[in-house]
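Biologist: Could you take me through the charged side chains in this one, slowly, as if I'd just started my first year? I'd like a close look at the salt bridges and at any charged patch on the surface.

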Amino acid sequence: MTAFFEHPSILFLALAVVPAALIFYLRFRKLRSTLMPLVSRADTAAIKPLSRILRIRSAFFALSWILLACAAAIPRWGNELVAIRQEGSSVVFLVDISRSMTVSDVAPSRLGFASGYALMLADRLENTRCGVVLVKGNAVLSIPLTSDHRALADLFSALSPAMLSAPGSALSRGISVALEAFPSNSSASRTIILLSDGEETSGSLDEAGRDLRDAGVQLIAVGIGTREGKDLNAFPSLDEPRIVTTVLRDDLLKKAVRLALHGSLYVNGTEAGSAQRVLSAILPAAGTEQKLVYSSKPVYRYSFFLFAALFCFCCGSLAGGIAWKKK
Amino acid sequence: MLSLSRPAFLLLALLVPLFFYLRKRGFLRQSEFPLTLADWNGLPFRWSSPVMRTAAIVSRLAVVGGFLCVVIALSGPVLYRQEQIFSGSGSAMIFVIDISPSMAAKDIGNVSRLDQARKYIHEFADRRPGDSFGLVSLGSDAALLVPPTTDHRVFLSRLDSLTIGEMGDGTALGMGLAVAAAHLVQRHDARECVMLLTDGENNTGEINPNTAADIFPENGIMLFIAGIGTRGEVPIEYTDPATGKLYSGFLESEYNEAALKEIALRGKGLYFPAGSKDSLESVFDKLGQSLPASRSSWTRSIERPLDNPFIIASLFFVALSWCIRRLIMGAVL
């Protein structure tokens, strides 16, 4: 439902027609049973069409209310392309520092590998503003977009799961925070480099991929780890160790990349030449030339619902409560 | 600028007067139960209670209001605004702010020295949307809190969260200047500047302020120093963040202006005394003149649809009308 309505919770207002119809029905039945004995024989024939007219009128009014509630929920489907002028590039490193990143199926550990990988990329992105978002059970913007690569290097050298207390791995939350890190008044292209093993304990990377597509942001997912994985004690604070095997979930990362569009890319960080592929995907945007890129924007359809609601209201007013006067 | 994307739909509003006209002329009539309860040619039914009469009027007005809101929403009201878009690096400026306890003294405009400085930094940043701003705080030590960034939201939010005393009781001017310079020396594509706001003299830290000041001319970084506050006895109120203890009373304010001037001289920068609101304002004016603001590359038109508030309002009006008619007035037909 969230794919079709921006505020689906407003649709609950449409259910108000049920108690309204019940109240109307009970009241009308009571009125008819009270007044029918007083109605003259000649007027009894007029009661039947009145009941029918009231039913039609109520149906139109109820439909009008339902359509209005649908319009308020902001219906949307389909996408249209919007041209965006860009110059230069900006990159937000989204680094997964959850506990699964401490396993050592890649040397020295997934997090150590991610740290070195990010440092190397940042070194090569000289004229690009970069920022860092750290994600675990929650996500925080640690460094806003800056040309000060020394600050980035300091942070990458100190990465540790202890930097955030919330347990888990909320990658989609991290993407939301990273999206907010791009100032709206900058002409630079927008890229998020996600360094993660793809394991997610809350949220939905698919949904985040769609958000990236709508915002016109490129996602470069760097998978860190192996498919065979390695064992990890999930709850080190407990007396008895609870061992789980944590593996690289490249399927989830690839799916998010497919949904994000805009030249998004998945690379396995341990593959030779992967960093070069990442840089090749970003650097064309880092020049000083202006270019036009296209972002997809959802098409809002509320006007159809509004027009239908207005039509039903007018029909209800004419067909039900109002009748042509017989001359 | 307010605009309508489908103004032709506004003509639907004419249905309201048309409806009332047709009803008045008798072309349309209300549905009614075929039962005569009054004498022939007697007075028709009317609400005697003023409350009910008012409720009837409000109910009708609510229906009309709901209808008009839908018509307005259908006509697509949109608010357009122009947003300046910036490309390139722009100027970068790091504010080095002394947050030692003496910055809590309330001798400039009846607010603390830190709050007054914060106010002017806010105004300065708002006037320069394309520039990068960074933040270094200093006490007995110094730390980079925000690297130079164009994300003003983050910069201002961290500036607002600065707490007096969080970096300890001391004034490590040399450390503050060195930290700021270290994070600007890598930039060579734009103008860089550091502004030190302090009310004290260097009394701690591993780096001598004069040594730190030497980095500035070597790397083409401009240096501005503002000596905030007045001399003499000044009121002060400050809560120690370590103990939570509130200190309130008077402070014998004294700072070494000659030492600050010397630091500015070594850094080929400028020193400004800022003992009042006006002088502090003029410090930021001079800073603005020395460092021209980045010019926007182009402007972009941002549209904000306003239809949803009207749709919500129409739902409210229709629900209000129904509740008044059915639940208060007891209408059935």
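Modeller: Arg128(B) counts as buried, because its relative accessibility is just 5% and the cut-off for buried is under 20%. Keep in mind that this is a predicted model. The partner of Arg128(B) is Asp131(B): the two form a salt bridge, with their closest N and O atoms 2.8 Å apart. Asp131(B) is buried too, since its relative accessibility is 2%. So here you've got a charged pair with both members tucked away, Arg128(B) at 5% and Asp131(B) at 2%.

Now hop over to another pair in chain B. Arg266(B) makes a salt bridge with Asp214(B), and the closest N and O atoms are 2.8 Å apart. Arg266(B) sits in helix α7 (residues 257-266) of chain B and Asp214(B) in helix α6 (residues 209-218) of chain B, so this pair ties together parts that lie 52 residues apart in sequence. What about burial? Arg266(B) comes out as partly exposed, at 37% relative accessibility, and Asp214(B) is partly exposed as well, with a relative accessible area of 24%.

Chain A has a pair worth a look, too. Arg213(A) bridges to Asp214(A), with 3.4 Å between the closest N and O atoms. This one is a mixed case: Arg213(A) is buried, with a relative accessible area of 18%, while Asp214(A) is partly exposed, at 26%. The 18% of Arg213(A) falls in the buried class because that class covers anything under 20%.

Salt bridges don't have to come as lone pairs, either. In chain A, Asp105(A), Arg110(A) and Asp197(A) are linked up in a network of them. If you tally up salt bridges over all chains, the structure holds 18.

Finally, the surface patch you asked about. Glu123(B), Asp126(B), Asp278(B), Glu281(B) and Asp285(B) together form a negative surface patch. Two elements of chain B each give two or more residues to this patch: α3 (113-126) and α8 (277-290). The largest share comes from α8(B), with 3 residues. Zoom in on Asp278(B), which lies in that helix α8 of chain B. Asp278(B) counts as exposed because its relative accessibility is 61%, and exposed means over 50%. Residues that make a salt bridge are left out of patches, so you won't find Asp131(B), the bridge partner of Arg128(B), in this one.

Methods
Residues are numbered from 1 along each chain as its sequence is written. Chains are lettered from A and ligands numbered from 1 in the order in which they are written. This is a predicted model: local features need pLDDT of at least 70, side-chain atom pairs count only at pLDDT 80 or more; totals for chains, interfaces and linings use all residues. Side-chain values use heavy atoms; hydrogens and water are left out. Patches are made of residues with over 30% relative accessible area and no salt bridge: like charges are joined within 9 Å, nonpolar side chains (Val, Leu, Ile, Met, Phe, Trp, Tyr) within 5 Å. Accessible areas come from the Shrake-Rupley method with a 1.4 Å probe; for residues, only the protein chains shown count as cover. A salt bridge is a side-chain nitrogen of Lys or Arg within 4 Å of a carboxyl oxygen of Asp or Glu. Lys and Arg count as positive and Asp and Glu as negative; His and the chain ends are not counted. The place of a charge is taken as NZ of Lys, CZ of Arg, CG of Asp or CD of Glu. Helices (H or I, at least four residues) and strands (E, at least two) are DSSP runs, numbered from the N terminus. Buried means under 20% relative accessible area, exposed over 50%, partly exposed in between (1.4 Å probe, protein chains only).
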